[in-house]
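Me: I'm new to this one and would like a close look at a single part: the places where aromatic rings meet, and the spaces around them. Could you take me through it slowly?

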Amino acid sequence: MPDQADAPGTPDALAVLRARWTQALEAARATPGSAKELPDPTPYADNLLARWQEPQRRYHTLTHLTAVLDHIDVLEQAEAGYAPDPALVRLAAWFHDAVYAPDRSENEERSARLAERALPEAGVPAAGTAEVARLVRLTVTHAPAPGDRNGELLCDADLAILAAPPETYAAYTAAVREEYAFVPEDAFRAGRAAVLSQLLALPRLFRTPYGTQHWEEPARANIAAEVQRLGRADSGPI
């Protein structure tokens, strides 16, 4: 269990996240050597941090953002140089759920457009901005094309929660249910089971070597167990 001082939303944790944002942004900027002439990264970080703390969120929170960034770090450390643009992948992680309303279906598109507006102003060149927006849109399907290593890195990091220990996975599913509290129980169970069954039907959930080796098997076990629970009318709260 994390120390209380490091819990998401505390001043210390927010300061760490601001530093991580600044590091990724500065690595992605066109002219790192002239950083003094570029906008201060802090207001951009604060805008995103405020979005990730909106009251409608239960799973798509600072905890999720931090976890995705941490999983990117794990994958980068395990597979050094795997993705050509890790800084852009990290920026995509910041933006991938920056716009989030549980009852809207275009969250990824709106998040990508936010990146397209903010990043050029923050000093990221056009090609880098376009790549971040592409990666954000990729999280609709989590199906990167063969050889898309930036996409593989982001998608694996975003889906890593599926391979969490059972108690963490249970907390994740409970948070997802809270976000969709407006959906009737029967409809939620049917919809969630359909999505999970589609995941199980995929030949691979994870594309990076580390994700394949360490996350594929536990993720499939978690998903299969949840599908089984969803199919039981007497299974109680999810």
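Which residues do ring pairs link into a cluster?

Reply: That would be Trp-21, Trp-94 and Phe-95, joined by ring pairs. Before going on, a word on what you're looking at: this is a predicted model, in which local features need pLDDT of at least 70 and side-chain atom pairs count only at pLDDT 80 or more, while totals for chains, interfaces and linings use all residues. Residues are numbered from 1 along each chain as its sequence is written, and side-chain values use heavy atoms, with hydrogens and water left out.

Here's the rule for the rings: those of Phe, Tyr and Trp (its six-membered ring) pair if their centres lie within 6.5 Å, and planes under 30 degrees apart are called stacked, over 60 edge-to-face, and the rest tilted. By that rule there are eight aromatic pairs. Take Tyr-59 and Tyr-172: their ring centres are 4.9 Å apart and the planes meet at 65 degrees, so this pair is edge-to-face. The two come from distant parts of the chain, 113 residues apart, with Tyr-59 in the loop between α2 (41-52) and α3, and Tyr-172 in helix α8. (The helices, H or I with at least four residues, and strands, E with at least two, are DSSP runs numbered from the N terminus.) Both partners are buried: Tyr-59 has a relative accessible area of 12%, and Tyr-172 has 10%. "Buried" here means under 20% relative accessible area, "exposed" over 50%, and "partly exposed" in between, using a 1.4 Å probe and protein chains only.

Tyr-180 and Phe-188 make a tilted pair, 6.4 Å from centre to centre with 40 degrees between the planes. These two partners don't share a burial class: Tyr-180 is partly exposed at 26%, whereas Phe-188 is buried at 7%. Phe-188 has another visitor, too. The charged end of Arg-177 sits over the Phe-188 ring, 4.3 Å from its centre. (A charge sits over a ring when NZ of Lys or CZ of Arg is within 6 Å of the ring centre and within 35 degrees of the ring normal.) The charged end of Arg-57 sits over the ring of Trp-52 in that way as well, 5.2 Å from the ring centre.

Now step back to the whole chain. It has 11 helices and zero strands. Of its 238 residues, 46% count as buried. The C-alpha trace spans about 60 × 35 × 35 Å along its principal axes. For 238 residues a compact globule would have a radius of gyration near 18 Å, and the chain has 18 Å, so the two agree; that radius is taken over C-alpha atoms, and the globule rule is 2.2 Å times the number of residues to the power 0.38.

Next, the spaces. Rolling a probe the size of a water molecule over the atoms shows where empty space is left. On a 1 Å grid over the protein atoms alone, a cavity is a set of points where a 1.4 Å probe fits but cannot get out, and a pocket is an open set with protein on both sides within 12 Å along at least five of seven lines; lining residues have an atom within 4 Å of a point. Grid points are joined across faces, edges and corners, and a volume is the space filled by probe spheres set on the points.

The largest pocket has a volume of about 1,000 Å³. Its lining takes in 36 residues, with His-60, Val-140, His-142, Arg-192 and Val-195 nearest the centre. Helix α9 gives the largest share of that lining, seven residues. By class the lining holds 18 nonpolar, 10 polar and eight charged residues; Ala, Val, Leu, Ile, Met, Phe, Trp, Tyr, Cys and Pro count as nonpolar, Asp, Glu, Lys and Arg as charged, and the others, Gly among them, as polar.

His-142 deserves a second glance. It's in the loop between α6 (126-138) and α7, and it is buried at 19%. Its phi is positive, about 55 degrees, although it is not a glycine. Most residues other than glycine have a negative phi.

The second largest pocket holds about 710 Å³ of space. Thr-63, His-64, Thr-66, Ala-67 and Thr-168 are the closest to its centre among the 30 residues of its lining. The largest share there, eight residues, comes from α3.
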